[in-house]
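Reader: I am new to this structure and would like to know what stands behind the words used for it. Could you show it to me first?

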Amino acid sequence: MRSMAPPVRMAIRALRANSVRSGLTILGVVIGVAAVIATVAVGSGARDRIQKQIASIGSNLIVVLPGSLTASGIRLGTGNALSLTEDDARALAAECPSVALAAPVVRQAQQVVAGVSNWATGIVGTTPDFLAVRDLEVARGAAFTWQDVDGAAKVALLGETVVRNLFPAGGAVGQSVRIRNVPFIVVGVLAPKGQSPSGQDQDDVILIPISTAKKKVLGSSLASAGAVGSIMTQARSAAVIKTAQEEMRSLLRQRHHLQTPQEDDFTIRNLEDVFNAQESSARVMAMLLAAIASVSLLVGGIGIMNVMLVSVTERTREIGLRLAVGARTRDILLQFLAEAVVLASAGGLLGVVAGLAGAAIISRIAGWSIVLSGPAILLAFFFSGMVGVFFGFYPAQKAALLDPIEALHYE
Amino acid sequence: MDPLIEVRDLTKTYSAGAARSWALRGVSLSMARGEFAAIMGRSGSGKSTFMNIVGCLARQSSGVYRLDGIDVSRLSRDELAAIRNTKIGFVFQSFNLLPRTSAIENVELPLLYNRTVGSTSRLVRARQALAMVGLEGLEGRHPNELSGGQQQRVAIARSLVNSPEMILADEPTGALDTRNGVELMAIFQELNRRQGITILLVTHDPDIAAFARRVIRFRDGLVVDDETIRRPRDAHEALAETMPAAGVPAGADGGSR
């Protein structure tokens with residue numbers, strides 16, 4: 001420790017003698033490290049949020065949509081919007097071994113009235129399995145049952161947002177709401193889920209039996225064919241999601257009598273596919289910031305090297321003197337290396353502080369959550385020290401190998 | 001006992017392209033411990049080159065140099081550094097103190113490169129060295145707060161701090177006025193008499209050389225005269241005679257060790 005402390009003390013003294021220059025020199029490192037810290041904080045915050053949202057939509061969820069949803073090119077499938085049926089849903093649950101549950105879904109936006117309040121919300125007609133597939137829970141009251149589906153009972157499960165808007169005084173269960181002038185009894189209220197990854201309010205919804213929806217609420221086109229808007233299915237585990245998708249695809253092709261050259265008249269998506277896009281854009285952003293970070297670290301390192309070279313030249317006589325009074329090559333090398341490392345580490349430290357502050361500001365302004373990662377902070381700090389070693393070595397070596405006499409008489 | 005310095009047929013050439021210039025053309029001399037010698041000569045006479053080789057800052061082109069019985073031409077760069085650190089103290093014309101660094105820290109500098117000295121004894125020895133040159137109380141001053149004479153005394157304290165065998169002084173009075181120059185010689189004479197430190201100084205000023213007990217004259221890379229002075233001038237007397245107004249510097253007459 002004693003052999004290490006004097007070089008560091010000397011370094012700090014030498015740097016403070018030129019504090020403005022030292023400050024400007026480390027800016028590059030500060031910016032680089034700050035960018036790394038902010039990137040990691042915001043990036044892992046985003047990943048965290050996406051993962052939470054995916055989990056909130058339902059675990060192992062696979063969605064089957066009618067027609068082709070592929071954006072590129074014109075697909076004939078678009079006209080076939082009614083290609084999925086309730087029978088498809090039943091078949092998927094019964095015949096695909098990797099599929100645990102399958103809930104047919106029809107949706108429509110409707111104005112809902114309760115007493116003097118009214119509210120536009122999404123009406124979802126489905127089966128009791130929907131709750132399990134979407135990981136929904138009933139907070140108060142009870143879910144509707146299979147008997148309700150069979151009997152087309154006029155019962156409804158309300159999301160929290162709907163309850164808040166229609167029953168500001170509370171006590172929704174047992175009350176009646178009118179959907180398209182059809183009175184429904186509220187049998188239960190769903191536990192709140194918050195926002196979906198796409199920013200939708202998942203609590204702004206009313207669930208009713210699919211049979212009731214078709215007969216009483218929806219327009220005639222859907223009501224007639226036994227068609228459904230989508231089928232929400234749940235794979236038995238995360239590991240078999242791909243298998244389940246394959247099984248579902250071949251079953252549906254078979255049921256829809258599709259020959260080999262014909263394209264699917266449905267689309268199967270799992271949520272990972274959906275949010276991989278989001279995550280990959282976040283990844284691009286992170287890579288961009290990482291590139292900025294490494295470039296500014298590089299520039300900062302070159303700046304340090306430059307200033308160290310200037311410093312070595314300015315202090316040639318000092319180096320000559322030190323050599324004359326017995327400094328070994330290693331002593332001089334260590335002294336200037338210590339200066340470069342102290343410089344870079346100070347930049348790293350300031351960068352960490354600036355990065356954390358930046359991340360906090362971003363999260364405040366953009367409303368993004370941030371996750372602070374200890375290892376990332378240590379790594380960034382360590383890396384800035386390495387920048388000092390790497391870019392400080394050449395100037396330090398130049399200083400250490402000076403000829404004592406030439407150095408002493410340097411003008 | 002071996003002489004402290006023994007050189008035989010020492011040459012030093014510098015080659016600039018095809019041309020070859022001789023700084024030393026075969027110098028032989030020896031110095032015993034406890035001598036006080038002055039080297040004189042015009043610029044280009046080879047005296048500075050000789051000092052650099054004796055000070056282990058440069059290597060000869062041919063010939064033998066034994067310091068304390070050691071053939072230093074065989075030593076590595078770092079081994080030479082160790083010899084400079086422990087056996088030799090340097091005093092330069094331009095003081096060469098570190099700016100923005102207190103007197104005591106300047107004096108401590110050689111001790112930083114001496115592995116055998118811990119941080120507490122470093123401070124003690126630096127204080128002692130400063131006291132020896134009459135600068136007690138000024139430990140915290142920076143060079144720009146000291147007079148030229150005081151700065152050169154800090155430099156002498158720095159050269160003393162590792163208890164060297166000899167002090168090599170290259171034109172030590174060159175940047176000082178006459179009075180400060182004589183005071184400096186008084187310090188050298190004290191160190192030489194009381195502590196037996198060998199002193200070798202380069203000067204072109206005969207008045208300064210007169211304080212030495214031996215004067216070696218260089219010309220064109222050769223020793224042309226090597227004279228022992230039986231009764232050198234005494235710096236204290238010189239100060240008392242010529243400049244009665246000011247006394248002898250406090251620490252110079254009492255090497256308090």
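Reader: How many helices and strands does chain B have?

Author: Chain B has eight helices and 10 strands. Both are DSSP runs numbered from the N terminus: H or I over at least four residues for a helix, E over at least two for a strand. Please keep in mind that this is a predicted model, where local features need pLDDT of at least 70, side-chain atom pairs count only at pLDDT 80 or more, and totals for chains, interfaces and linings use all residues. Residues are numbered from 1 along each chain as its sequence is written, while chains are lettered from A and ligands numbered from 1 in the order in which they are written.

Reader: What makes chain B as compact as a globular protein of its length?

Author: Its radius of gyration, taken over C-alpha atoms, is set against the globule rule, 2.2 Å times the number of residues to the power 0.38. For 257 residues the rule gives 18 Å, and chain B comes out close to that, at 18 Å, so chain B is as compact as a globular protein of that length. Its C-alpha trace spans about 55 × 45 × 40 Å along the principal axes.

Reader: And why is chain A called more spread out than a compact globule?

Author: Chain A has 14 helices and 10 strands. Its radius of gyration is 33 Å, well over the 22 Å that the globule rule gives for 411 residues, so chain A is called more spread out. The box around its C-alpha atoms is roughly 105 × 60 × 35 Å. An automatic or database domain assignment supplies the domain bounds: domain 1 of chain A is 5-53 + 276-408, and domain 2 is 84-255. The centres of these two domains, over C-alpha atoms, are 56 Å apart.

Reader: How do you know that the length of helix α13 of chain A agrees with its number of residues?

Author: The expected span is 1.5 Å times one less than the number of residues. For the 27 residues of α13 (374-400) that is 39 Å, and the end C-alpha atoms lie 37 Å apart, which agrees. There is a bend of about 45° at Gly392(A), with Pro395(A) following within four residues; the bend is the angle between axes fitted to the seven residues ending there and the seven starting there.

Reader: What counts as contact between the chains, and how many residues take part?

Author: Two residues are in contact if their C-beta atoms, placed from the backbone, lie within 7 Å. The contact takes 19 residues from chain B and 16 from chain A. On the chain B side, α2(B) gives the most, with six residues.

Reader: How confident is the predictor in each chain?

Author: pLDDT is its confidence in each residue, from 0 to 100. Chain B averages 89, and chain A averages 84. The model scores ipTM 0.90 and pTM 0.71.
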